[in-house]
Amino acid sequence: MAILKVARLGHPVLRMPAQPLTVDEIRSPDTQRFIDDMIETMREYDGAGLAANQVHTLKQICVIEVLGNPRYPDAPHIPLTVVINPVVTPLTEEIEEGWEGCLSVPDMRGRVPRYTAVRLECRNREGDKVDVVAKEFFARVIQHETDHLKGIVYVDRMRDLSSLSHLAEWQKYALGIREPE
Ligand code: ZN
């Protein structure tokens, strides 16, 4: 396995739509190896998720996992989920603002409005169809990661940029965690 290089905001690959995969492509050794590399890269950088665009590949694949993540210490756990060819449908008109970060926008946080419940139809890494209902934080991460596959970054979804914060200032003023002085 390999840790992949993560594209940062400004790289055109983050602004391009990713392409769907056939079931044969999903099951190919190359794609399986790429998925393993995505998982390893997400874990290495403590991401809650990672989309293929972020590692310079325009395929509709993203991986999600939150297990005691130091970047999101209060987040509920989400088991490892591999999402391929996703279609996301809102299940409510309720929208909630919450803090998000992104490995492609390092050391920044911003408040992003998201649907609180979505239906996710996709394929898993075996190529099987998956149809799940996700709520709250899982729904937020799904919306963030599947946006990447459309060339959309979380800052595009912010109502305005007034909450956009550097990590240290976010910890100090938004979370109220102060460094010992
Ligand atoms: Zn991201």
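The zinc ion in this predicted model is held by three donor atoms: SG of Cys-102, NE2 of His-144 and NE2 of His-148, at 2.1 to 2.3 Å. Along the sequence, these donor residues follow the spacing C-x41-H-x3-H. Cys-102 belongs to strand S4 (residues 95-102), while His-144 belongs to helix H3 (residues 136-149), so this pair ties together parts that are 42 residues apart in sequence.

Both members of that pair can be checked for burial against a cut-off of under 20% relative accessible area. Cys-102 has a relative accessible area of 3% and is therefore buried. His-144, at 6% relative accessibility, also counts as buried.

The strand and the helix that supply these donors also meet in the packing of the model. Helix H3 lies across S4 and S5, and runs at about 60 degrees to S4. S4 is part of an open sheet of 3 strands, in the order S4-S5-S8, with antiparallel pairing. S4 and strand S8 (165-166) are the edge strands, each pairing on one side only. Strand S5 (residues 105-115) pairs with S8 in the antiparallel sense over 2 bridges. Met-108 has His-166 in S8 as its bridge partner. In general, the strands of a sheet pair through backbone hydrogen bonds, in either a parallel or an antiparallel arrangement.

Another set of strand pairings involves S2, S3 and S6. Strand S3 (residues 78-90) is joined to S2 by 5 bridges, and the two run antiparallel. S3 is also joined to strand S6 (residues 117-123) by 5 bridges, again with antiparallel strands. Ile-84 stands opposite Arg-123 in S6.

A second cysteine, Cys-62, is found in strand S2 (residues 61-66). Its bridge partner in S3 is Val-83. Is Cys-62 buried or exposed? With 1% relative accessibility, Cys-62 counts as buried.

Which residues surround Cys-62, leaving aside its neighbours within four places in sequence? Its contacts are Met-38, Leu-50, Ala-51, Thr-81, Val-82, Val-83, Glu-145, Thr-146 and Leu-149. Val-83 thus appears both among these contacts and as the bridge partner. Helix H3 spans residues 136-149, and the contacts of Cys-62 include Glu-145, Thr-146 and Leu-149. A further distance links Cys-62 with Val-141: their C-alpha atoms are separated by 11 Å, and the two residues are 79 residues apart along the chain.

How values were computed: Residues are numbered from 1 along each chain as its sequence is written. This is a predicted model: local features need pLDDT of at least 70, side-chain atom pairs count only at pLDDT 80 or more; totals for chains, interfaces and linings use all residues. Side-chain values use heavy atoms; hydrogens and water are left out. Helices (H or I, at least four residues) and strands (E, at least two) are DSSP runs, numbered from the N terminus. Buried means under 20% relative accessible area, exposed over 50%, partly exposed in between (1.4 Å probe, protein chains only). Contact means heavy atoms within 4.5 Å. Donors are N, O and S atoms within 2.8 Å of the metal (3.2 Å for Na, K and Ca); water is not among the atoms, so sites may look incomplete. Two strands pair if DSSP finds at least two bridges between them. Axes are lines fitted to C-alpha atoms, for helices over the stretch in contact, and angles run from 0 to 180 degrees between N-to-C directions.
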